[in-house]
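Here are a few exercises to work through with the model open in your viewer. Try each task before reading its solution.

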Amino acid sequence: MSGRSILAAALCLAMLGASLSVMAQKSEMEGKKAPAFSGKTVGGKAYSLDSMLEKGPVFLYFIKKDCPVNARAEKFYNEIYAATGGQANFLGVINGDAEQYKRWQKRFNAPFPVVLDAEDTIIHAYKAERSPWVIEVGKNGKVTKVWEGY
């Protein structure tokens with residue numbers, strides 16, 4: 001193996017190790033009380049954390065309307081939701097207005113409800129920095145798990 005190949009292999013291993021280390025870190029939100037929120041879908045249906053927790057754990061899926069990763073990830077979220085027979089307590093939160101949501105929905109055809117967060121109020125409260133970003137809130141109202149976006 002040439003010196004250049006060894007250097008490239010070492011660099012790849014270092015990058016992989018750093019990536020795995022970041023992925024394994026616990027989010028600062030885990031174990032803490034989830035921020036209360038309320039929002040409406042483009043159709044006007046209201047959702048809040050409190051009302052959703054009455055039905056069990058909540059999964060919040062944070063969507064950046066123009067994120068190119070959505071094209072790869074969205075089909076999996078749709079499949080996961082469909083696999084539960086639509087019974088999952090799952091809510092999308094998009095950083096857009098009604099028109100931006102409609103364009104996104106036309107492209108991805110999400111089967112789950114999505115609330116509009118054009119001012120990023122919910123997104124900032126949950127510190128969702130990237131998309132797709134998913135947060136599980138346990139029935140006790142505490143953040144159970146954070147799956148950070150790309």
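Contact here means heavy atoms within 4.5 Å. Keep in mind that this is a predicted model.

**Exercise 1: a residue in a helix**

Task: Find which residues Glu-74 touches, leaving out those up to four places away in sequence.

Solution:
- Start with the location: Glu-74 sits in helix H3.
- Apply the contact cut-off, and Glu-74 turns out to touch Tyr-61, Trp-104, Phe-108, Ala-110 and Phe-112.
- Look at Tyr-61 in particular: its side chain makes a polar contact with the side chain of Glu-74, at 2.6 Å.
- Now check accessibility. Buried means under 20% relative accessible area, and Glu-74 has 1%, so Glu-74 is buried.
- One last distance: Glu-74 and Pro-132 are 58 residues apart in sequence, yet their C-alpha atoms are 8.3 Å apart in space.

**Exercise 2: two helices**

Task: Work out how the axes of H3 and H4 cross, and which residues make the contact.

Solution:
- Two packed helices are described by the angle between their axes and the distance between the axes.
- Take H3 as residues 70-83 and H4 as residues 98-108; their axes come within 10 Å and cross at roughly 70°.
- Angles of 65 to 115 degrees count as roughly perpendicular, so H3 is roughly perpendicular to H4.
- On the H3 side, Asn-70, Ala-71, Glu-74 and Asn-78 make the contact, and H4 brings Trp-104, Arg-107 and Phe-108.
- Sort them by class and you get three nonpolar, two polar and two charged residues.

**Exercise 3: salt bridges**

Task: The structure holds four salt bridges. Trace the one between Lys-127 and Glu-28, then the ones around Arg-130.

Solution:
- Lys-127 pairs with Glu-28, with 2.6 Å between the closest N and O atoms.
- Place both ends on the chain: Lys-127 is in the loop between helix H5 (121-125) and strand E6 (133-137), while Glu-28 is in the loop between helix H1 (3-24) and strand E1 (38-40), so the bridge ties together parts 99 residues apart in sequence.
- For accessibility, Lys-127 is partly exposed at 42%, and Glu-28 is exposed at 51%.
- Move on to Arg-130, whose side chain meets that of Glu-129 in a salt bridge (3.3 Å, N to O).
- Arg-130 also forms a salt bridge with Glu-148, where the closest N and O atoms are 3.3 Å apart.
- This second pair links distant parts of the chain, with Arg-130 in the loop between H5 and E6 and Glu-148 in the segment after strand E7 (143-147), 18 residues apart.
- Put the shared partners together: Glu-129, Arg-130 and Glu-148 join into one network.
- Within that network, Glu-129 is exposed at 52%, Arg-130 is partly exposed at 28%, and Glu-148 is partly exposed at 40%.

**Exercise 4: backbone oddities**

Task: Find where a cis peptide bond occurs, and what phi is for Asn-109 and Lys-127.

Solution:
- Recall the background: most residues other than glycine have a negative phi, and most peptide bonds are trans.
- The cis bond joins Ser-131 and Pro-132, with omega at about -10°. Pro-132 belongs to the loop between H5 and E6.
- Asn-109 has a positive phi, near 50°. Its place is the loop between H4 and strand E5 (114-116), and Asn-109 is exposed, with a relative accessible area of 57%.
- Phi of Lys-127 is positive too, near 55°. Lys-127 lies in the loop between H5 and E6.

Terms used:
Residues are numbered from 1 along each chain as its sequence is written. This is a predicted model: local features need pLDDT of at least 70, side-chain atom pairs count only at pLDDT 80 or more; totals for chains, interfaces and linings use all residues. Side-chain values use heavy atoms; hydrogens and water are left out. Axes are lines fitted to C-alpha atoms, for helices over the stretch in contact, and angles run from 0 to 180 degrees between N-to-C directions. Helices (H or I, at least four residues) and strands (E, at least two) are DSSP runs, numbered from the N terminus. Angles under 35 degrees count as roughly parallel, over 145 as roughly antiparallel, 65 to 115 as roughly perpendicular and the rest as oblique. Ala, Val, Leu, Ile, Met, Phe, Trp, Tyr, Cys and Pro count as nonpolar, Asp, Glu, Lys and Arg as charged, and the others, Gly among them, as polar. Buried means under 20% relative accessible area, exposed over 50%, partly exposed in between (1.4 Å probe, protein chains only). A polar contact is a pair of N or O atoms within 3.5 Å; within protein, one must be able to donate a hydrogen and the other to accept it, and residues adjacent in sequence count only if both atoms are side-chain atoms.
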